[in-house]
Amino acid sequence: MLDTDFFRRWMTAVAASVEREASHLTELDSAIGDADHGSNLQRGFTAVTAVLEKDAPATPGAVLTLAGRQLISTVGGASGPLYGTLLRRTGKALGDAEEVTRDQLAQAFAAGVAAVGQLGGSQAGDKTMLDALLPAAEALAGSFEGAARAARAGAEATVPLQARKGRASYLGERSIGHQDPGATSSALLVEALAATADGAGA
Ligand code: ADP
Ligand code: MG
């Protein structure tokens, strides 16, 4: 079972990973965007860890909804509302259970990912974070490790795609040949989940 502390540790692990990879994310965003993805997420997840420490939410769902709200209010770029919606909707789908199974998380996460597609008007193959999140949500029904692998493979598979959503779409064919920054950070999010599960023996 995954308890409240597990979800807090997941968010802390994402913050650490974003911190480590911030310059890489910004580099990817400088090729097909406006070079702020690393700093956007760094600001957002630093605020997330701070508010989780301050407010100490009592359930897994409350951890994710609070984290999502914090991302929406601190990240200016497109990725703030998109990641915020992912976490808020996932949290809402978990309800007020004190512990959840991986299977319940997989279902809730799939609902969160669907909400990202609705908000962004985006779908698989548009060269966005969804290209990592959709396969990850599907694989999470099987295992944490499988979800991490699927997210990473999905992010790498954005390289040959032409962007159809977000800033990168303004580049048209020139967006081809670069890995999408949001798909890359989404892989970090799912890899942090798998690492947290591994540490917890889940
Ligand atoms: P901005 O584009 O406002 O500078 P960021 O650089 O933080 O915001 O985030 C860019 C990432 O957001 C992209 O790499 C892409 O993955 C994701 N993104 C942008 N628009 C959309 C959308 N409509 N649907 C899904 N993801 C999107
Ligand atoms: Mg940007």
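The paragraphs below lead from the chain as a whole to the surroundings of ligand 1. The structure is a predicted model, and every value given here was computed from it.

A good place to begin is the stretch from residue 5 to residue 195, which an unreviewed UniProt entry annotates as "domain: DhaL". Over these residues the chain is 71% helix and 1% strand, and the C-alpha atoms at the two ends of the stretch are 14 Å apart.

Turning to the ligand, the space that ligand 1 takes is the largest pocket. Around ligand 1 there are 20 residues, and those that come nearest are Asn 40, Ala 78, Ser 79, Ser 122 and Asp 180. Sorted by class, this shell has nine polar, six charged and five nonpolar residues. Helix 2 (37–55), helix 4 (79–94) and helix 8 (181–200) each supply at least two residues of the shell, and helix 8 gives the most, with three residues.

Which atoms of ligand 1 lie close to polar atoms of His 37, Ser 79 and Gly 120? For Ser 79, a polar side-chain atom lies 2.6 Å from an oxygen atom of ligand 1, while for His 37 a polar side-chain atom lies 2.9 Å from an oxygen atom of the ligand. With Gly 120 the backbone takes part, since one of its polar backbone atoms is 2.9 Å from a nitrogen atom of ligand 1. Ligand 1 on its own has 560 Å² of accessible area, and the protein covers 92% of that area.

Terms used. Residues numbered from 1 in each chain as written. Chains lettered and ligands numbered in written order. Predicted model: local features only at pLDDT ≥ 70, side-chain atom pairs only at ≥ 80, totals over all residues. Heavy atoms only, no water. Near = heavy atom within 4 Å. Polar contact = N/O pair within 3.5 Å; in protein donor to acceptor, adjacent residues only side chain to side chain. Areas by Shrake-Rupley, 256 points an atom, 1.4 Å probe, with all protein chains shown as cover. 1 Å grid on protein atoms, 1.4 Å probe; cavity = no way out; pocket = protein on both sides within 12 Å on 5 of 7 lines; lining within 4 Å. Sits in = over half its atoms within 2 Å of the grid points. Helix = DSSP H or I, 4+ residues; strand = E, 2+ residues; numbered from the N terminus. Nonpolar A, V, L, I, M, F, W, Y, C, P; charged D, E, K, R; others polar. UniProt positions renumbered as here; feature names shortened; annotations may be inferred.
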